[in-house]
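Let us take a walk through this structure together, one stop at a time. Have a look at the model below, and then we can begin with its empty spaces.

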Amino acid sequence: MTDAMTLPATNPFASRSTLPFEMPPFDAIRDEHFRPALEAGFREERAEVEAIASNPEPASFDNTLVALERAGALLNRVSTVMNNLSGTDSDEFLDELESEYAPKFAAHSDAILQNTRLAERVQAVANDPSLAERSSEDQRLVTETLAAFRRAGAFLDEASKSRLSEINGRLSSLATSFEQHLLADTNDLALVVDSREELAGLSEADIEAARAVAKERSLDGKFVLTLVLPTSQPIMESLEHRPTRQRLFEASRARGSRGNEHDTRAIGLEMVKLRAERAEILGYASHADYVAEDAMAKSAKAITERLELLVAPAARNAAAEQERLQRFIDEEQAARGEESFTLEPWDFAYYAAKVRAHDYAVDAAALRPYFEAERVLKDGVFAGATALYGITFAERHDLPVYHEDVRVFEVSNEDGSPVGLFMLDLYTRDSKRGGAWMTDFVQQNRLENKPTVVVNVLNVPKPPKGMPTLLTFDETITMFHEFGHALHGLFGQVEYPSFGGTNVPRDFVEFPSQVNEMWMLWPELAAKYARHIETDEALPRETIEKIRAASLWGEGFSTSEYLAATVVDHAWHTLSRAEADAVTDVEAFERAALERAGLLNPVVPPRYSTPYFQHIFSGGYSAGYYSYIWAEVLDADTAEWFTKNGATRENGERFRREVLSVGGAKDPMEAFRSFMGRDAEIQPLLKRRGLAA
């Protein structure tokens, strides 16, 4: 059944793309195409679902589960493009469209997942003894689909369903508002600097990028420092001018909390309360318990126990680093014959870099000429994947993209067979939300014979034309990290759309991406890509060893700022409905949560504070920010395995086969055990982060 025929043939969403790998025809997509395609998509899927629910034949795997997997093709095509563009290249039209359709999508999803007749058919398939004769992926599809119906309230009374639908619609609207408010305030708070002297310490490329942004904003003669998502801005480790560091930090911390039209605090608080109410209706103690049940953690209590294991040593290490930085400041100021000052949060990154250079002979700023973006991409990220998995990359200039900065690469297996398309959207711009992420435009599944198209989105400042893009150490890590997600999407080999690529539990999805970070400083790979932009000298082996030796320096800060954000997320989402309703002051609640955890340290603020915690209010990580550290247990253990067994093609194929290719078609811990031959061990993580006793 299809309703796409009600669309004009000229509407590019009316049928599957005929471009290679079904790449969306961005050059043909216009604003006027979205609403008709969305409305037709809603009608089509409603009709398909109704046909399944009212089928007079007894429920079977094919006429119920497979039919559901096939449903909604048109809606998926248009919504995937809309959702991706709203985060990467938004404008007034897309903002309005997203605001208008967010509650419609929520209502549409509820109408499907709260359909009791449909849920009962899935239940009947689950109860059929013949299910045991089907493949493990078939059985998992039944189990996961039934769980989705139950968790959506399909078996509740009509009044409860109605209230759940109201809550879901409101939450979807609020999430859109949070993202749009935050983007607007982030752009508004970009720091305007009057002189080059105030940017002392930055590279010429950074200064020229700041000048270019100012010119784009009609601020000729000035410089503009745009903000990235975390509290601590990357360039603060290089900025010598202390007042500029302070202004930049204060701008970062002010996002979403200035009491203006972009304030996000009331939005976030309402979302917390609605999530708590929804959890209560569904029979859970809190939203965190609701989320954890569908993840590896299984309970909020298990997450709390993991955090308690890590918080105390992390806070202790951060305090020790803070003391070391204060001593360094005192000694440096005394040597200059100047009065010392107290370390402030805007000083931490800057002086941490100076101490690293002094104590470990590692100068972060001096590393940037070794991380030229094109070389990092081709001779580092791509070459590492070729060495491990045998895949190759060929840039495609003939395919349409949604922005001129986006690049497309065709990925092929060693034998020349196709893998998919990889898109890279590297540079920051006002139309792009902060952070870095991977999503797909087309996700592999055999049921519909779908190929794969994935995109990595980063926010690296764009240098003026003709100047190289020099990445910071952290930006280089991010490029490797996000490509780990891309590999997870590209390598998927599953039968059903529900299990494609990164459709795995939230606290497992970061595992492959974090594993991919380890190749950044793998000596053989670094020798190929980490080469000085002017001299072509390879990053010296002794420098790499110094970086490794210095790896524990700063872990107190980075672990504490991460855990502080995790504690904030966990505190908001472990509230019962009554407890959530009693909260009125966002800042006071966050402060109290950090104090209880032993992480209330003004010099080490959370990586994300509630007003700009996009991950949990519009990024799908509500009650799930803990997942990075949860997945890092698996990652650290796996990194040790590769270090011991080698980065060989054989071992790469093993990781691809057992972990990357199975998507959600297999229980994640079962996939991990298939690769490692045992359960995960936490000691490698504790050792890596300097938390071992």
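A cavity here is a set of points, on a 1 Å grid over the protein atoms alone, where a 1.4 Å probe fits but cannot get out. Grid points are joined across faces, edges and corners, and a volume is the space filled by probe spheres set on the points. Before we go in, please note that this is a predicted model, in which local features need pLDDT of at least 70 and side-chain atom pairs count only at pLDDT 80 or more, while totals for chains, interfaces and linings use all residues. Residues are numbered from 1 along each chain as its sequence is written, and side-chain values use heavy atoms, with hydrogens and water left out.

How many cavities of 30 Å³ or more does a search of the whole structure find? There are six, and the largest has a volume of about 160 Å³. Its lining, meaning residues with an atom within 4 Å of a point, is made up of 19 residues. Thr186, Asn187, Leu227, Lys432 and Gly434 are the ones nearest the centre. Helix α7 (residues 158-188) gives the most to this lining, with four residues; helices (H or I, at least four residues) and strands (E, at least two) are DSSP runs, numbered from the N terminus. Sorted by class, the lining of the largest cavity holds six nonpolar, seven polar and six charged residues. In this sorting, Ala, Val, Leu, Ile, Met, Phe, Trp, Tyr, Cys and Pro are nonpolar, Asp, Glu, Lys and Arg are charged, and the others, Gly among them, are polar.

Our next stop is strand β5 (residues 418-427). Nine of its ten residues are buried, so β5 is largely enclosed by the rest of the structure. Buried means under 20% relative accessible area, exposed over 50%, and partly exposed in between (1.4 Å probe, protein chains only). Two strands pair if DSSP finds at least two bridges between them. Strand β4 (residues 407-412) runs antiparallel to β5, and six bridges join them; Ser412, for instance, has Pro418 of β5 as its bridge partner. The hairpin of β4 and β5 has five residues between the strands, and there Gly416 takes a positive phi near 90°. Strand β7 (residues 453-460) runs parallel to β5, again with six bridges, and Asp425 has Val457 in β7 as its bridge partner.

Staying in β7, we meet Asn456. Is Asn456 buried or exposed? Asn456 counts as buried because its relative accessibility is 2%. Its side chain makes polar contacts (pairs of N or O atoms within 3.5 Å; within protein, one must be able to donate a hydrogen and the other to accept it, and residues adjacent in sequence count only if both atoms are side-chain atoms). The side chain of Asn456 reaches the backbone oxygen of Glu482 at 3.0 Å, and one of its polar atoms lies 3.3 Å from the backbone nitrogen of Phe483. Leaving aside neighbours within four places in sequence, the residues in contact with Asn456 (heavy atoms within 4.5 Å) include Phe422, Trp437, Met438 and Ala486.

Finally, let us visit the segment before α1 (31-53), where Phe21 is found. Most residues other than glycine have a negative phi. Phe21, however, has a positive phi of about 60° although it is not a glycine. Glu22, also placed in the segment before α1, has a positive phi of about 60° too. Phe21 is buried, with a relative accessible area of 15%, and Glu22 is buried at 14%.

Key:
1 Å grid on protein atoms, 1.4 Å probe; cavity = no way out; pocket = protein on both sides within 12 Å on 5 of 7 lines; lining within 4 Å.
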